[in-house]
Amino acid sequence: MNPASPLVEILASDARLLIGAGLLAAGGLLLLIAALGQMRLPDFYTRLHALGPAFTWGAALVLAALAAGSGDMRFALRALVLAGLLAVVGPALSHMLANAAHAAGLAPRVGKLTADHTDRP
């Protein structure tokens, strides 16, 4: 038995947790930006514009963080596959939502907005 083996295991575990923490922080920041955009922006189309990429990549980064921090390779593989699916399908879903809203007759706001986010005087 190699005496350096437990040390290598500990260092690998610490590196895995540090990578997971970094990915979790980045994903959490993107999800926070998506939530702020959802609360602050005035209409459906601008909210969707902010929410789509931030939520898609934020959720994918959180899942990648779970995969990196996990010790189970089967769970990590499933989390990475789900993160990849979110990264690929998220933009298409945003486009479909915008297309459905446009087809339903939802018009975007135009003109200058007042402090209460209405375009009426």
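**Note on a predicted three-helix chain**

1. The chain exposes about 8400 Å², and carbon and sulfur atoms supply 74% of that area. The model is predicted. Of the 121 residues in the chain, 21% count as buried.

2. The secondary structure comes to three helices and zero strands. Read along the sequence, the pattern is α-α-α. The helices are H1, covering residues 5-40, then H2, residues 44-69, and H3, residues 73-103.

3. Contacts between residues at least 6 apart in sequence were also sorted by separation. Of these contacts, 64% join residues at least 24 apart. Two examples, Gly-20 and Ala-60, are taken up in later points.

4. How do H2 and H3 lie relative to each other? Their axes come within 8 Å and cross at roughly 175 degrees. Angles over 145 degrees count as roughly antiparallel, and H2 and H3 are therefore roughly antiparallel to each other. By class, the contact of H2 with H3 has 22 nonpolar residues, five polar residues and no charged residues.

5. Ala-60 is a residue of helix H2. Is Ala-60 buried or exposed? The cut-off for buried is under 20% relative accessible area; Ala-60 has 7% relative accessibility and so counts as buried. Leaving aside neighbours within four places in sequence, Ala-60 is in contact with Ala-83 and Leu-86. The C-alpha atoms of Ala-60 and Gly-84 are separated by 7.0 Å, and the two residues are 24 apart along the chain.

6. Gly-20 is found in helix H1. Its relative accessibility is 8%, so Gly-20 counts as buried. Which residues does Gly-20 touch, not counting those up to four places away in sequence? They are Ala-65 and Ala-68. Gly-20 and Ala-65 are 45 residues apart in sequence, yet their C-alpha atoms are 4.2 Å apart in space. By residue range, Ala-65 and Ala-68 fall in H2, which runs over residues 44-69.

7. How many aromatic pairs does the count give? It comes to one. The pair is Phe-44 with Tyr-45: the ring centres are 5.5 Å apart and the planes stand at 80 degrees, so the pair is edge-to-face. The cut-off behind that label is an angle over 60 degrees between the planes. Phe-44 itself has a relative accessible area of 31% and is partly exposed.

How values were computed. Residues are numbered from 1 along each chain as its sequence is written. This is a predicted model: local features need pLDDT of at least 70, side-chain atom pairs count only at pLDDT 80 or more; totals for chains, interfaces and linings use all residues. Side-chain values use heavy atoms; hydrogens and water are left out. Helices (H or I, at least four residues) and strands (E, at least two) are DSSP runs, numbered from the N terminus. Buried means under 20% relative accessible area, exposed over 50%, partly exposed in between (1.4 Å probe, protein chains only). Contact means heavy atoms within 4.5 Å. Accessible areas come from the Shrake-Rupley method with a 1.4 Å probe; for residues, only the protein chains shown count as cover. Axes are lines fitted to C-alpha atoms, for helices over the stretch in contact, and angles run from 0 to 180 degrees between N-to-C directions. Angles under 35 degrees count as roughly parallel, over 145 as roughly antiparallel, 65 to 115 as roughly perpendicular and the rest as oblique. Ala, Val, Leu, Ile, Met, Phe, Trp, Tyr, Cys and Pro count as nonpolar, Asp, Glu, Lys and Arg as charged, and the others, Gly among them, as polar. Rings of Phe, Tyr and Trp (its six-membered ring) pair if their centres lie within 6.5 Å; planes under 30 degrees apart count as stacked, over 60 as edge-to-face and the rest as tilted.
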